[in-house]
Amino acid sequence: MLDAGGAELAPCEAARARQLLAAGRATPVEGEEMTIRLPYAVLRPAARVRHEGAQIAPGTPLLLHICCGPCATYPVPRLRELGFDVAGWWYNPNIQPAEEHTRREEAARALAGRLGLPLAAGAYEMERYEAAVRGDEARPERCRRCYRLRLEATAAEAERRGIGAFTTTLLISPYQDQAALREIGDEVAAAHGLHFFFENLRRGWAQRGRLAREYGLYMQQYCGCRFSLAERIERRQPAGKER
Ligand code: SF4
């Protein structure tokens with residue numbers, strides 16, 4: 001739900017949204033099936049400086065694993081609003097084919113340039129992803145292994161640079177297993193003596209779509225690995241058609 005100025009408000013139930021639309025107290029947002037807009041501005045409290053009871057000192061360094069440009073659009077300003085000094089880290093050896101990896105990395109770099117975000121990149125180690133998921137190629141274990149590979153590399157990079165906290169833009173996606181990301185993030189952080197910063201970034205999902213379109217970022221059509229590409233193609237086959 002948005003206010004008249006486009007500020008994102010807490011989500012409401014679909015039934016409540018339908019009631020507001022029927023009563024003329026909200027309008028649909030073009031191109032966003034699940035979003036409505038209120039005809040007035042909502043005053044919001046000043047940005048929080050506390051997070052889940054912990055004080056975040058302004059300028060606290062944080063390494064942000066970026067899975068793609070669109071998914072970083074909302075988290076970067078949100079983490080800055082919380083007080084973090086954010087540095088971006090690109091490490092996604094899961095993405096196949098290589099041209100797709102290049103395209104997504106370019107979108108992440110375009111966003112970083114726009115937001116003034118320092119962005120470093122790890123190597124494209126596709127063979128490490130293949131080794132990580134070998135023998136467990138079905139969901140959900142495949143994805144847990146994929147998360148671990150990327151978060152482990154992020155933690156190692158944070159430790160190498162002396163950055164005490166890290167997180168990932170994967171937390172914004174309703175298509176990812178947020179509980180597994182948090183569990184694995186905490187485990188990996190503990191092993192490196194770091195802090196995995198968790199927030200339910202999904203509240204920024206609608207804003208992500210708007211910003212990605214506004215910035216003209218490439219929007220991928222599948223999660224990233226060759227398995228998810230095959231699953232996507234399979235879903236698009238008409239029912240009953242021979243494959
Ligand atoms: S579907 Fe996505 S999260 Fe799961 S293994 Fe593939 S790229 Fe990784």
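**Exploring a predicted model, one question at a time**

Q: How do the residues of the shell around the ligand divide into nonpolar, polar and charged?
A: This is a predicted model, and its ligand is surrounded by Asn94, Arg142, Cys143, Cys146, Cys223, Gly224, Cys225, Phe227 and Ser228. Sorted by class, the shell has five nonpolar, three polar and one charged.

Q: Which element gives the largest share of the shell around the ligand?
A: Two elements give two or more residues to this shell, namely helix H6 (141-161) and helix H9 (226-236). The largest share is three residues, and the element that gives them is H6.

Q: How many helices and strands does the chain have, and what share of its residues is buried?
A: Let's step back to the whole chain. Its secondary structure comes to nine helices and nine strands. Of the 243 residues in the chain, the buried share is 31%.

Q: At what angle do H6 and helix H7 pack?
A: Two packed helices are described by the angle between their axes and the distance between the axes. For H6 and H7 (residues 178-192), the axes are 9 Å apart. Their crossing is right-handed, and the angle is about 35 degrees.

Q: How many nonpolar residues does the contact of H6 with H7 have?
A: On the H6 side, the residues that meet H7 include Leu151, Ala155 and Glu159. On the H7 side, Ile184, Val188 and His192 are among them. By class, this contact has two polar residues, four charged ones and, for the nonpolar class, nine.

Q: Which element gives the most to the largest nonpolar core?
A: In soluble globular proteins, nonpolar side chains tend to be buried together. Here the largest nonpolar core has 47 residues, and Leu62, Ile66, Ala108 and Phe166 have the most contacts inside it. Elements supplying at least two residues include strand E5 (60-66), helix H4 (98-115) and H7. The one that gives the most, with eight residues, is H6.

Q: Which residues does Phe166 touch, not counting residues up to four places away in sequence?
A: Phe166 is one of the residues with the most contacts inside the core. Its partners are Leu62, Leu63, His65, Thr154, Ala155, Ala158, Leu194 and Phe196.

Q: Is His101 buried, exposed or partly exposed?
A: His101 sits in helix H4. Leaving aside neighbours within four places in sequence, its contacts are Asn92, Ile95 and Tyr124. Because it has 18 C-beta neighbours inside 10 Å, His101 counts as partly exposed.

Q: What separates the C-alpha atoms of His101 and Gly224?
A: Gly224 is one of the residues around the ligand. Along the chain, His101 and Gly224 are 123 residues apart. In space, their C-alpha atoms are separated by 8.3 Å.

Conventions. Residues numbered from 1 in each chain as written. Predicted model: local features only at pLDDT ≥ 70, side-chain atom pairs only at ≥ 80, totals over all residues. Near = placed C-beta within 6 Å. Helix = DSSP H or I, 4+ residues; strand = E, 2+ residues; numbered from the N terminus. Nonpolar A, V, L, I, M, F, W, Y, C, P; charged D, E, K, R; others polar. Buried ≥ 20, exposed ≤ 12 C-beta atoms within 10 Å, placed from the backbone. Axes fitted to C-alpha atoms, helices over the stretch in contact; angles between N-to-C directions. Left-handed = near helix turned anticlockwise from the far one by under 90°. Contact = placed C-beta atoms within 7 Å. Core = buried A, V, L, I, M, F, W, Y, C linked by C-beta atoms within 7 Å.
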